[in-house]
Amino acid sequence: MTATIVLRTNLANFKTRSLVIPAKVFSTISDTGFRNVDNSDLLGNEGRKVLDACVKVKIYGKPEIRSYDLKTTISRFDDCYLDQEELLTAQLQLHDWPFSSSDDASTHNIVDIHNALDKIDNMPYVEKYPKQGPSSEEIGKLIDKRRADVEREWREAKADPDRRQKYSWAVAQRRVRDCYAGSFPCRFKLANGLKEANSIKEIYESLVDLDERSQYTCSYQAEERSQYEEISEFRADIESKYYEAVASTGPLHRYTITEANIILNKCYHCLDLFSRKGFYGCNICGIAPSVCIFQIHDALFHCDMKMQKLYKYTEQGPGSVELNRSIDAYRDKLKEEYENFLKGDESRPPACKYSRCEVERLLRYCFAGASPNDVDLFPVKQDESGMPRIYQTFDIFDIKTSLDYFDSKKIVEKYPEKGHVSDEMKRKIEECRASIDSEYKEATAIKEIEHGSGFIIQDHFVLTNKHVIQTYLDDEDSYEIRFSNESIGELSCKVAHHDQCKDLALLYCPDRNLHISEICPLQLSTQPLLPGKQIFSFGYPMSHTGKTALFVTGNVSGCKETYSGPSYTVLNCSLNHGNSGGPVLAWVDGQVRVVGIATQKHFKNILTLEERMAVENLRKSLQAKAISDVEEGDVVALSRHVLGQEIPRSCHVSLHLLTLKLYDALETHSQFNLSNALPGHLVVEFIKNFNTKYKGEHKQELVKVIELSQ
């Protein structure tokens, strides 16, 4: 026999009659009537409207960045360049170079690597203007004047090329140097290893020492030049084979060391001058005993540069008078400063040092020649003579071209402009750079880094837990709060109020408008949560990526008292990380009301306090939010330094790392199905206390929240 329940109803247009409903499809009767007609559907259509008021509270900012040990950092950076010698030169010129620490335990992240890469990539080969200082403006104006003179002469030569003057190497290279305030990377070789000076006395003594080792005038005899003209065809042959090799993609011809030395000596009239020239292994072809044309070409260049000598004055010719007069002026000024120093009348304070750049500038301008280690100031000169630079002549076109070249040149390139560089090496460099760039963009992008749950209580106000927004509260300049769901999209908000003791936060959104979106805010209730009472909740657990909150159901298990804070209600409900701040709901007087807020899931620590602190210190040192993405090598490098313990041998590292990952999992995968919830009457109390001192906009909305909770 079917069980029935008879309801008598008096409808306006019908006679009193009996309504027979099967008991199995009748749900719980509320105090004022029935809430549903199907006990298999706890919510019903009216209850499901709650979904529109449940939101995901998200913290946006830059994610925490993984760190790398010093060895890995340097390796990733160096892999972005081919010429390591030029790279080292650039690093030595940077006083704030971050990867020169001798502490092997130091760490750096991808932002450090990317910024260092950007700094080196954009570092000019030579500084055009001086840094700010007492005489920087004067020097800057002088450089502009010299450049204007070059520009004027260049325009005149373009109009009448036959009348352009021919300058010696010494005059031409000085005109180029005078157009820059900085030093070229291959520095002037100072006497006695002087790098910086405490006084003008040390600089002057270095000048005297250099004078003793220099020659008076750089004069090249006609017979010397004629000898080089005779051997120019040998040099031209090397140049021809070099450019053929640059264009070639196949294997290169190999020369023995003896063959290479013979070819090299044919390019000089002093056959014994470079007979002991050593050759180093090619990065592409391999090591000795054989060499390629690239090594021979490099050796020829270095031999040419070694022929440079330090001369006090230059030989007679266009521009020589002006250059020699300038040298005398610099020498007289240096001598005057030195004599004033001896008299105790030094212009600089006693503790002030002359920098390496200042020392070099003061000494270099006292000579016409250059150091054998100096850079070639005319690397793009169209050389038809085949002679070393010191025997060649230069015109204003060479000088202008050199200025244009160094104005745009960087101190180090990804791979050399010329030389033996394979497509495979270029590909590897580009892959390394792309990897760093991709990781950098990921690390610096503004995105969701953590989230919790919350719910709308009025048009402009949202409730959640304080710990959900704690990251934002710790650093408000670096983070922002947004909330979202399927119905309202995503909106930014501010913190109106928070309470550490109750773990509650009230968010204010000036852009929220419920009247337009037709979302009904959730009403609070102060009804007690008694054991056995059926409850349900909506939220966004960590595993959930959807825009609509997930529904869970459960019961009240009991109460949990605390010594210093409020008493919590214990729920037997499947709540997880991410559900924090979500509403705990129940049917009250035929309506779905908020009877509490989910706060914390129960779990038991299996590690001691000291062990937990050690793991947290390791995580902090790795700058990782979770251990799950940490590599074993990172743990090996940092465990002893951070934990103060010896890392197990390599065969045990996997187990060591697994332990850390299991500890991480305990924070999000509890073995208990119990959670704490803050009862509704404490939530209402939180709003009442705030409303008494709130003077911002929409205060009346909070008044309404309190009234509806009664």
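Residues 1-34 are where this predicted model is best taken with a pinch of salt: pLDDT stays under 50 over the whole stretch, for which the model has 40 contacts beyond four places in sequence. Strand β2 (residues 17-22) has the lowest confidence in the protein chain, at a mean of 39. Residues 271-277 also stay under a pLDDT of 50, and for them the model has 12 contacts beyond four places in sequence. Where pLDDT is low, the predicted coordinates should not be read in detail. For the protein chain as a whole, the mean pLDDT comes out at 79, with 75% of residues reaching 70 or more. Confidence is highest in strand β13 (residues 461-464), with a value of 96.

Turning to helix packing, helix α9 (residues 232-247) packs against helix α11 (residues 293-306) with the axes 9 Å apart and at an angle of about 135 degrees. Angles over 145 degrees would count as roughly antiparallel and those from 65 to 115 as roughly perpendicular, so α9 ends up oblique to α11. The crossing of these two helices, α9 and α11, is left-handed. On the α9 side, the contact is made by Arg 235, Ile 238, Glu 239, Lys 241, Tyr 242, Ala 245 and Val 246, which meet Ile 293, Phe 294, Ile 296, His 297, Leu 300 and Asp 304 of α11. Sorted by class, the residues in this contact of α9 with α11 come to 8 nonpolar, 1 polar and 4 charged.

A second helix pair is formed by α6 (residues 169-177) and α12 (residues 320-342), which pack at an angle of about 60 degrees with their axes 10 Å apart. The α6 and α12 crossing is left-handed too. Here Ala 170, Val 171 and Arg 174 from α6 meet Ser 320, Leu 323 and Ile 327 from α12. The contact of α6 with α12 splits into 4 nonpolar residues, 1 polar and 1 charged.

As for aromatic side chains, the structure holds 19 aromatic pairs. One of them joins Tyr 125 and Phe 184, whose rings sit 6.3 Å apart centre to centre, with 65 degrees between the planes, an edge-to-face arrangement. Tyr 125 belongs to the loop between α4 (110-121) and α5 (136-159), while Phe 184 belongs to the loop between α6 and α7 (200-213), so the pair ties together parts of the chain that are 59 residues apart in sequence.

Technical notes. Residues are numbered from 1 along each chain as its sequence is written. This is a predicted model: local features need pLDDT of at least 70, side-chain atom pairs count only at pLDDT 80 or more; totals for chains, interfaces and linings use all residues. Side-chain values use heavy atoms; hydrogens and water are left out. Axes are lines fitted to C-alpha atoms, for helices over the stretch in contact, and angles run from 0 to 180 degrees between N-to-C directions. Helices (H or I, at least four residues) and strands (E, at least two) are DSSP runs, numbered from the N terminus. Angles under 35 degrees count as roughly parallel, over 145 as roughly antiparallel, 65 to 115 as roughly perpendicular and the rest as oblique. A crossing is left-handed if the near helix is turned anticlockwise from the far one by less than a right angle, and right-handed if clockwise. Contact means heavy atoms within 4.5 Å. Ala, Val, Leu, Ile, Met, Phe, Trp, Tyr, Cys and Pro count as nonpolar, Asp, Glu, Lys and Arg as charged, and the others, Gly among them, as polar. pLDDT is the predictor's confidence in each residue, from 0 to 100. Rings of Phe, Tyr and Trp (its six-membered ring) pair if their centres lie within 6.5 Å; planes under 30 degrees apart count as stacked, over 60 as edge-to-face and the rest as tilted.
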